[in-house]
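Visitor: Hi! Could you walk me through this one?
Guide: Happy to, take a look first.
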Amino acid sequence: MDPEAFLDMANQVIKLKMFPYFDIAHSLLCALAVREDLGAGAQAFSRKHPLSCWLSTMLVIFSGAMVANGLLGEPILAPLKNTPQLIVGTLTWYFVFYSPFDIGYKVGKFLPVKIVASAMKEIYRAKKVYDGVTHAAKLYPNAYIIMIIIGTMKGNGAGFVKLLERLIRGAWTPTAMEFMQPTFYTKASLVASIIFVLDKKTDLISAPHALVYFGIVIFFVYFKLSSILLGIHDPFVPFENLFCALFLGGIWDSLAKLMGRGQPKE
C-alpha cells in the first residue's frame with residue numbers, strides 16, 4: 001500500500017466518531033458477557049431480578065470511565081450523565097435479555113455479527129485507552145505511571161469491577177480479581193498505554209501519531225479476531241513464562257528441585 005494512502009487511512013481511523021455505532025457494539029458485547037457469566041439460569045435471573053441485571057450490565061458498560069474517575073478523584077457516576085449513551089446501553093441490555101423468542105441473544109451470538117461487533121469494540125477500546133492516557137496527562141503531566149494505570153483501567157475496566165458486578169447479582173467470588181489473573185485485554189491495554197505515553201511524552205517513537213494509534217487498533221482487532229476464529233487467547237503467555245523463569249525465581253526453583261534442596265513442606 002502507498003505510504004501516503006496508509007497514513008490517510010490512519011488519520012481517518014483516529015477521527016472516527018464512537019457514537020452511536022461503536023457504543024452499540026460495545027454495549028452489545030458487555031450485555032452478552034453478563035448473560036454468559038450468569039450461565040444457564042440467565043433468563044430466569046433476568047425475569048426475577050431485572051434491577052440487579054440492569055445495574056450489573058450498566059456497571060460493565062461504563063466500568064472503564066467509572067474506575068478511572070474514582071482513581072483520579074472525580075465523580076464516579078459522571079459517565080452516567082451521558083444520557084444518549086445510557087439509553088443505548090439500556091436498549092441493548094433489553095434487546096439481549098428480553099427480546100421475544102430470545103432473538104436478541106441469538107443475533108448477538110451469530111458469528112458474523114459477533115465478528116463485526118468485536119472488531120468495532122476493539123477500535124472503541126483503543127480510543128478509550130488513548131483518552132485515558134490523554135486525560136491523565138493533563139492532570140499529571142509528568143506522572144507516567146498514572147497515565148499508564150488510567151489508560152489500562154479505561155481499556156478493560158470490566159475486568160476490574162467483576163467482583164463488584166457479580167456481587168450486585170448476589171454472587172461472591174473473591175478470587176475473581178483481575179490483579180491475580182490479568183486477562184489478555186488488561187495486558188494489551190497496558191502495552192497500548194505504555195506506547196501512547198512514549199509517543200506523547202518522549203522522542204523514542206518517531207512515527208506520526210496517527211500511525212501509532214492505527215497500529216494499536218490493528219493489534220487489538222487482530223488478536224480479538226484471532227481469539228474468536230483461531231482460539232488464540234493470550235499471545236503474551238510465552239513471554240510471561242520466559243520472564244518468570246529468568247527473573248522471578250523459576251529457573252532457581254527448578255535447579256533447587258533437581259538438586260534435592262527444595263524448601264521443606266510446612
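Guide: Let's start with a term: a charge sits over a ring if NZ of Lys or CZ of Arg is within 6 Å of the ring centre and within 35 degrees of the ring normal. Here Arg 35 lies over the face of Tyr 105, 4.1 Å from the ring centre.
Visitor: Is this model predicted, and how are residues numbered?
Guide: This is a predicted model, where local features need pLDDT of at least 70, side-chain atom pairs count only at pLDDT 80 or more, and totals for chains, interfaces and linings use all residues. Residues are numbered from 1 along each chain as its sequence is written, and side-chain values use heavy atoms, with hydrogens and water left out.
Visitor: How many aromatic pairs are there?
Guide: The count comes to 18 aromatic pairs. Rings of Phe, Tyr and Trp (its six-membered ring) pair if their centres lie within 6.5 Å; planes under 30 degrees apart count as stacked, over 60 as edge-to-face and the rest as tilted. Trp 93 and Tyr 94 form an edge-to-face pair, 6.5 Å centre to centre with 65 degrees between the planes.
Visitor: Trp 93, buried or exposed?
Guide: Trp 93 is buried, because its relative accessibility is 9%; buried means under 20% relative accessible area, exposed over 50%, partly exposed in between (1.4 Å probe, protein chains only).
Visitor: And what does Thr 92 touch?
Guide: Leaving aside neighbours within four places in sequence, Thr 92 is in contact (heavy atoms within 4.5 Å) with Ile 24, Ser 27, Leu 28 and Ala 31. Thr 92 is buried too, at 8% relative accessible area.
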